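Visitor: I would like to learn how to read a model like this one. Please take me through it feature by feature.

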Amino acid sequence: MNSYVNTAVGALLGTIFVLMSVSIASEGIFHSEAPEKEGFAIVAEEAPAAGGEAAPAVAVPIAQLLASADAKAGETVFKKCQACHDGTKGGPNKVGPNLFGVVDRPIASHAGFAYSAPMKDFSKGSSEKWTFEYLNKFLLAPKKDVPGTAMGFAGLAKDQDRANVILYLHTLADSPVPLPDPNAATQ
């Protein structure tokens, strides 16, 4: 064999040896175990494959739920929403629109936020409003209530959690609209 070929093969083998040694050493130094418990998992439900299943029906009227709701508990539950929404007056839009004054505000109407086409269709040209009933139904399962919405939140399955959040959102306004009468909302 030629000395140039021997030198080239030796350089190649030397390079491979150095790269493998660095790889093994870095794996030993920087190896990390998977955490025992995830910090916070955002679960997004998949859309139904066939048939377009409707959103689950809300069993208890929101007016009755609001009668026993706690805005302070709603503020705690709202922390899940703060990754994408701000609730301060004049606050910024994030991934989702600012929610100050959202109760009784026209749907898909917050200035400076680019709503998805399904949300604009759902709002019927911003003629529909975020009433207590609409919020309750939407927060139960956003992706099922407005198929195709960009909101990736799976929803709040517990009636009391939804009522607490809605009552808290109700407080985020200069002049909150009156709460619905729980006695008038029997089904």
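Visitor: Where is the place of Met-20?

Guide: Keep in mind that this model is predicted. Met-20 sits in helix H1, which spans residues 3-30.

Visitor: Is Met-20 buried or exposed?

Guide: Relative accessibility decides that, and exposed means over 50%. Met-20 has 52%, so Met-20 counts as exposed.

Visitor: Which residues form a nonpolar patch on the surface?

Guide: Met-20 is one of them. The others are Val-5, Val-9, Leu-12, Leu-13, Ile-16 and Ile-24. Together they have about 670 Å² of accessible area.

Visitor: How many helices and strands does the chain have?

Guide: Seven helices and zero strands. Along the sequence the pattern reads α-α-α-α-α-α-α.

Visitor: Which residues touch the most other members of the largest nonpolar core?

Guide: A core like this is built from buried residues, and buried means under 20% relative accessible area. Here the largest one has 29 residues. Ile-62, Leu-66, Met-119, Trp-130, Ile-166 and Leu-169 touch the most other members. Helices H2, H3, H4, H5 and H7 each give two or more residues to this core. H7 gives the most, with six.

Visitor: What is Trp-130 in contact with, leaving aside its neighbours within four places in sequence?

Guide: Its partners include Val-102, Pro-106, Ile-107, Met-119, Phe-122, Leu-135 and Phe-138. Charged residues appear too, among them Asp-104 and Arg-105.

Visitor: How many residues of the chain count as buried, as a percentage?

Guide: Of 187 residues, 28% count as buried. The chain exposes about 11,900 Å², and carbon and sulfur atoms supply 60% of that area.

Note on methods
Residues are numbered from 1 along each chain as its sequence is written. This is a predicted model: local features need pLDDT of at least 70, side-chain atom pairs count only at pLDDT 80 or more; totals for chains, interfaces and linings use all residues. Side-chain values use heavy atoms; hydrogens and water are left out. Helices (H or I, at least four residues) and strands (E, at least two) are DSSP runs, numbered from the N terminus. Buried means under 20% relative accessible area, exposed over 50%, partly exposed in between (1.4 Å probe, protein chains only). Accessible areas come from the Shrake-Rupley method with a 1.4 Å probe; for residues, only the protein chains shown count as cover. A nonpolar core is a set of buried Ala, Val, Leu, Ile, Met, Phe, Trp, Tyr and Cys residues joined through side-chain atoms within 4.5 Å. Contact means heavy atoms within 4.5 Å. Patches are made of residues with over 30% relative accessible area and no salt bridge: like charges are joined within 9 Å, nonpolar side chains (Val, Leu, Ile, Met, Phe, Trp, Tyr) within 5 Å. A salt bridge is a side-chain nitrogen of Lys or Arg within 4 Å of a carboxyl oxygen of Asp or Glu.
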